[in-house]
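Colleague: I am new to this one. Please show me the model, and then I will ask how you know what you say about it.

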Amino acid sequence: MTDERTGLEVMTPEECDELLSSTPIGRVVFVDDGQPIALPVNFRWFEKTVIFRTLEGQKLRAAVLEAPVGFEVDEWDPDTHAGSSVLIKGRASEVTEWADKERLEDLGVVPWAEQPWKQCWVRITPDEVTGRRLR
């Protein structure tokens, strides 16, 4: 299916899942002090939710407040000018249950910046997942 307004191909839910499952880096988007912020995180697409680690700070505050957030991943080929993008609109929440944290440890989400260790887990639960592709 093609979006008549943009001419971009609309990705199926399965194609969105595939891109989310195969892409290690995404951007979490939220509002802090009235200003939009987009920050890269390494993540996993797990049980139809986005999971990432963080420290005390902006991302965790957004999660504790269960604030609305965006999350976006891309893939592109600069030679062919082709690419795909998936956008998630949803709510962030801090993972606080011990049993849930233990399950997440098995996902292998290791922050690129290892010091200091990021001990807090954040889950983004989607309200909407959409994807577009340019071939």
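Colleague: How much accessible surface does the protein have, and what percentage of that belongs to carbon and sulfur atoms?

Modeller: Bear in mind that this is a predicted model. The accessible surface comes to about 8300 Å². Carbon and sulfur atoms account for 52% of that surface.

Colleague: What makes the protein as compact as a globular protein of its length?

Modeller: Start with the elements: the protein has three helices and seven strands. Along the sequence they follow the pattern β-α-β-β-β-α-β-β-α-β. The radius of gyration is 15 Å, and the globule rule gives 14 Å for 135 residues. The two values are close, so the protein is as compact as a globular protein of that length. The C-alpha atoms fill a box of roughly 45 × 35 × 25 Å along the principal axes.

Colleague: What percentage of the residues count as buried?

Modeller: Of the 135 residues, 41% do. Buried means under 20% relative accessible area.

Colleague: What percentage of the contacts between residues at least 6 apart in sequence join residues at least 24 apart?

Modeller: The share is 67%.

Colleague: Why is His81 called exposed?

Modeller: The cut-off for exposed is over 50% relative accessible area. His81 has 60%, so it is exposed. His81 lies in the loop between strand E5 (68-77) and strand E6 (82-95).

Colleague: What is notable about the phi of His81?

Modeller: The phi of His81 is positive, about 60°, and His81 is not a glycine. Most residues other than glycine have a negative phi. Lys48 is another case: its phi is near 65°, again positive in a residue other than glycine. Lys48 sits in the loop between strand E3 (35-46) and strand E4 (49-54).

Colleague: Why is Asp77 called partly exposed?

Modeller: Partly exposed lies between the cut-offs of under 20% for buried and over 50% for exposed. Asp77 has a relative accessible area of 31%, so it is partly exposed. Asp77 belongs to strand E5.

Colleague: Which backbone nitrogen does the side chain of Asp77 reach?

Modeller: That of Asp79, at 2.8 Å. A polar contact needs N or O atoms within 3.5 Å, so the pair counts as one.

Colleague: How far apart are the C-alpha atoms of Asp77 and Gly57?

Modeller: They are separated by 34 Å. Along the chain, these two are 20 residues apart.

Colleague: And where do the charges stand, on average?

Modeller: There are 16 positive and 26 negative charges. Their mean positions are 2 Å apart.

Definitions and conventions: Residues are numbered from 1 along each chain as its sequence is written. This is a predicted model: local features need pLDDT of at least 70, side-chain atom pairs count only at pLDDT 80 or more; totals for chains, interfaces and linings use all residues. Side-chain values use heavy atoms; hydrogens and water are left out. Helices (H or I, at least four residues) and strands (E, at least two) are DSSP runs, numbered from the N terminus. Buried means under 20% relative accessible area, exposed over 50%, partly exposed in between (1.4 Å probe, protein chains only). The radius of gyration is taken over C-alpha atoms; the globule rule is 2.2 Å times the number of residues to the power 0.38. Contact means heavy atoms within 4.5 Å. Accessible areas come from the Shrake-Rupley method with a 1.4 Å probe; for residues, only the protein chains shown count as cover. Lys and Arg count as positive and Asp and Glu as negative; His and the chain ends are not counted. The place of a charge is taken as NZ of Lys, CZ of Arg, CG of Asp or CD of Glu. A polar contact is a pair of N or O atoms within 3.5 Å; within protein, one must be able to donate a hydrogen and the other to accept it, and residues adjacent in sequence count only if both atoms are side-chain atoms.
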